[in-house]
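Please open the model in your viewer and keep the selection panel at hand. This tour suggests what to select at each step and says what is found there.

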Amino acid sequence: MNWDDTTETAADGEERLVGSAADGEDQAVEAALRPKDLREFVGQAKVREQLDLVLRAARTRGAAADHVLLSGAPGLGKTTLSMIIAAEMAAPIRITSGPAIQHAGDLAAILSSLQDGEVLFLDEIHRMSRPAEEMLYMAMEDFRVDVIVGKGPGATAIPLELPPFTLVGATTRAGLLPPPLRDRFGFTAHMEFYEPAELEQVIHRSARLLDVETDAEGATEIAGRSRGTPRIANRLLRRVRDYAQVKADGVITREIASRALAVYEVDERGLDRLDRGVLTALLKLFGGGPVGLSTLAVAVGEERETVEEVAEPFLVREGLLARTPRGRVATPAAWAHLGLTPPQPPPGAPGGAGQQGLFGA
Ligand SMILES: Nc1ncnc2c1ncn2[C@@H]1O[C@H](COP(=O)(O)OP(=O)(O)OP(=O)(O)O)[C@@H](O)[C@H]1O
């Protein structure tokens, strides 16, 4: 699977309980829920093992760790890992993001004020401006930047020595990084979506920190609806906690989790109202497709972009919908998930209406 295709937009987290970008409430509580060291960090076993080696080796040498590139969808723990890197190196951390660095001078100001060994976390590194990016090449490789003073023919480059530092770049789109930038990272890790059992661990840990009692089945129920993403798991946990406290005795069981998430219209597979609306239209109005994106969007009453960027990535990832050259097509799993029966082909016809794109004879 090419995960770049399945990355949700930053906008989707604003109103959706199952959006993977951080909303205001997430930002307020996430600091409290972040694991503080590699042992507490759940899942991503290979990344943890490799990073542990990189950091131990750097500590042994008494040097700053190699630059680290973390790629993966929003909410999988890139910011958390960057903070862990700083903590494990007993180094301070500076946090900024690509869109905040539009001029090379912005970057020069940050780099020149770094302390020896400091970790610089650069989120959305693929969104930095080109001049800043070029300055970063030299900074990463030689711990030096050329600051340009003046303009036109009289401009001069003044070299500026930097202290050794560790750049941790994070991106949802590793494919968009220019190769010269990608090549300057000593260690690159791709974060995968989490398995349900790993999300259960995240939920139990967060429940302990939030002081809410959760039984094993309650955590399983929430994990199954969390779309492989710790941020969503933590958010659903908070909504289920509200329900448990208002409508029950405060303890999260399977029954309570499932009743709470029914209120929020998040189904047992993590689809919300928008996702189900798209699937329902595709199945009921278009016999499972193929149907063009614009037609589907009109049928759902949403913008084309909303269907394409917000709903579809997860439906594709879940194997419920396929994007084909002839249009959007539902898979057999989509029919099963909504409890509907695919139309049968008339006798002698090659394949059913809903199956033409993907499964036609
Ligand atoms: N492996 C993990 N174990 C426990 N909690 C985790 C893990 N990964 C992420 N979390 C929790 O999920 C939330 C989101 O994590 P984080 O902010 O690090 O994601 P991110 O990948 O940086 O997202 P974005 O790309 O939107 O910045 C945090 O509250 C964090 O505590």
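Begin with the ligand and the residues around it in this predicted model. Domain 1 (44–190) and domain 2 (196–263) both contribute residues to the shell around the ligand, and therefore the ligand lies between them. If you colour these two domains separately, you can also place their centres, which are 36 Å apart when taken over C-alpha atoms. The domain assignment adds domain 3 (273–343), which you may give a colour of its own.

**The shell around the ligand**

Next, select the 22 residues around the ligand, of which Pro74, Gly77, Thr79, Thr80 and Pro230 come nearest. Helix H1 (24–33), helix H3 (78–88) and helix H9 (230–247) are the elements that give two or more residues to this shell. Colouring the shell by residue character should show ten nonpolar, seven polar and five charged residues.

**Three residues to select one by one**

Where does Gly75 sit? Gly75 belongs to the loop between S1 and H3, and it is buried because 29 other C-beta atoms lie within 10 Å. When neighbours within four places in sequence are left aside, the contacts of Gly75 are with Ser20, Thr229, Pro230, Arg231 and Ile232.

Move on to Thr79, which is part of helix H3 and which UniProt, in an unreviewed entry, marks with the feature "binding site". Is Thr79 buried or exposed? Thr79 has 20 C-beta neighbours inside 10 Å and so counts as buried, since the cut-off for a buried residue is 20 or more. Leaving out residues within four places in sequence, you will find Thr79 in contact with Phe121, Asp123 and Ala170.

Then select Thr80, which is likewise found in helix H3 and counts as buried because it has 21 C-beta neighbours inside 10 Å. Apart from residues up to four places away in sequence, Thr80 touches Arg34, Pro35 and Phe41.

**What the UniProt record lists**

Now widen the selection to the residues that the unreviewed UniProt entry covers with the annotation "binding site": Leu33, Arg34, Gly75, Lys78, Thr79, Thr80, Glu141, Asp142, Phe143, Arg184, Tyr194 and Arg231. These residues are spread over 199 residues of sequence, and they are spread in space as well, with up to 36.6 Å between C-alpha atoms.

The unreviewed entry in UniProt also lists residues 64–195 as "domain: AAA+ ATPase". If you select that range, the chain over it is 28% helix and 27% strand, and its end C-alpha atoms are 33 Å apart.

**A loop residue within that selection**

Select Asp66, which lies in the loop between helix H2 (45–61) and strand S1 (68–71). How many C-beta neighbours does Asp66 have inside 10 Å? There are 16 of them, and for that reason Asp66 counts as partly exposed. Not counting residues up to four places away in sequence, Asp66 touches Val54, Gly186 and Phe187. A distance to draw from here runs to Leu209, which is 143 residues away along the chain, with 32 Å between the two C-alpha atoms.

**Onward to a helix and a hairpin**

Go next to helix H13 (residues 304–317), where Val310 has its place. Val310 counts as buried because it has 23 C-beta neighbours inside 10 Å. Draw a line from Val310 to Arg16: these two residues are 294 apart along the chain, while their C-alpha atoms are separated by 9.8 Å.

From there, select strand S8 (residues 321–324) together with strand S9 (residues 327–330), which run antiparallel and are joined by four bridges. Which residue of S9 is the bridge partner of Ala322? The partner is Val329, and the two strands S8 and S9 form a hairpin with two residues between them.

**Stepping back to the whole chain**

Finally, zoom out until the whole chain is in view, with its 15 helices and nine strands. The C-alpha trace spans about 80 × 55 × 30 Å along its principal axes. The chain has 361 residues, and 39% of them count as buried. Among the contacts between residues at least 6 apart in sequence, 68% join residues at least 24 apart.

Methods
Residues numbered from 1 in each chain as written. Predicted model: local features only at pLDDT ≥ 70, side-chain atom pairs only at ≥ 80, totals over all residues. UniProt positions renumbered as here; feature names shortened; annotations may be inferred. Near = placed C-beta within 6 Å. Nonpolar A, V, L, I, M, F, W, Y, C, P; charged D, E, K, R; others polar. Domains from an automatic or database assignment. Buried ≥ 20, exposed ≤ 12 C-beta atoms within 10 Å, placed from the backbone. Contact = placed C-beta atoms within 7 Å. Pairing = 2+ DSSP bridges.
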